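Q: Could you take me through one part of this model up close? I'd like to see how a single stretch sits within the rest of the chain.

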Amino acid sequence: MSLGGIGTGTFLAVDLALCVRVLPDAENAGRDLAIINIAGTLPQSLVPFVAPALLSVGGFPALYLTLAVLGLLGAAAILRVPEMGRENLVGRSAPITR
């Protein structure tokens with residue numbers, strides 16, 4: 001349990017730091033963090049409704065294949081997030097505007 005807590009705490013701290021680092025401006029930080037919170041919470045709310053439909057259509061293979069595809073799409077979505085110290089690489093990452 002303690003290892004799981006340490007891992008979860010570390011992930012959440014790094015995730016929040018990354019989210020705050022790429023916010024477009026300081027004036028709307030609260031609104032942007034609320035959107036980030038919704039983006040993190042919404043999937044947890046939708047899965048209990050979508051999973052039974054996927055299980056009835058194709059069983060566990062359909063559920064796990066859908067989750068794998070969504071996981072890969074999520075991984076691809078963060079490719080444009082700039083790496084620390086490498087913000088100025090043209091075309092490889094989104095600019096940091098603050």
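A: Here is a walk along helix α2, with the whole chain as background. Keep in mind that this is a predicted model.

First, the setting. The chain has 2 helices and 0 strands, and α2 covers residues 29-77. Not much is tucked away here: of the 98 residues, 10% count as buried. The accessible surface of the chain adds up to about 7,700 Å², and carbon and sulfur atoms own 72% of that area. As for how the chain meets itself, take the contacts with a separation of 6 or more: 40% of them are between residues 24 or more positions apart.

Now to Asp32, which lies in helix α2. Is Asp32 buried or exposed? Asp32 counts as buried because its relative accessibility is 10%, and the cut-off for buried is under 20%. What covers an acidic side chain like that is worth a look. Setting aside neighbours within four places in sequence, Asp32 is in contact with Leu23, Pro24 and Asp25. Asp32 also has a charged partner, Arg31, with which it forms a salt bridge. The closest N and O atoms of that pair are 3.1 Å apart. The general idea is simple: side chains of opposite charge can pair when their charged atoms come close. A search of the whole structure turns up 1 salt bridge.

Next, the pocket. The largest pocket has a volume of about 570 Å³. It is lined by 17 residues, and those closest to its centre are Asp15, Cys19, Ile36, Ala39 and Ile78. Two elements, α1 (2-21) and α2, each give two or more residues to this lining. The largest share comes from α2, with 9 residues.

Further along α2 you get to Leu73, and here the picture is about surface. Leu73 counts as exposed because its relative accessibility is 54%, and exposed means over 50%. Leu73 belongs to a nonpolar patch on the surface, together with Leu55, Phe60, Tyr64, Leu65, Leu67, Val69 and Leu70. Together, the residues of this patch have about 800 Å² of accessible area.

So, to put α2 back together: Asp32 is buried and salt-bridged to Arg31, α2 gives 9 residues to the lining of the largest pocket, and Leu73 is exposed as part of the nonpolar surface patch.

Technical notes
Residues are numbered from 1 along each chain as its sequence is written. This is a predicted model: local features need pLDDT of at least 70, side-chain atom pairs count only at pLDDT 80 or more; totals for chains, interfaces and linings use all residues. Side-chain values use heavy atoms; hydrogens and water are left out. Patches are made of residues with over 30% relative accessible area and no salt bridge: like charges are joined within 9 Å, nonpolar side chains (Val, Leu, Ile, Met, Phe, Trp, Tyr) within 5 Å. Accessible areas come from the Shrake-Rupley method with a 1.4 Å probe; for residues, only the protein chains shown count as cover. A salt bridge is a side-chain nitrogen of Lys or Arg within 4 Å of a carboxyl oxygen of Asp or Glu. Helices (H or I, at least four residues) and strands (E, at least two) are DSSP runs, numbered from the N terminus. Buried means under 20% relative accessible area, exposed over 50%, partly exposed in between (1.4 Å probe, protein chains only). Contact means heavy atoms within 4.5 Å. On a 1 Å grid over the protein atoms alone, a cavity is a set of points where a 1.4 Å probe fits but cannot get out, and a pocket is an open set with protein on both sides within 12 Å along at least five of seven lines; lining residues have an atom within 4 Å of a point. Grid points are joined across faces, edges and corners, and a volume is the space filled by probe spheres set on the points.
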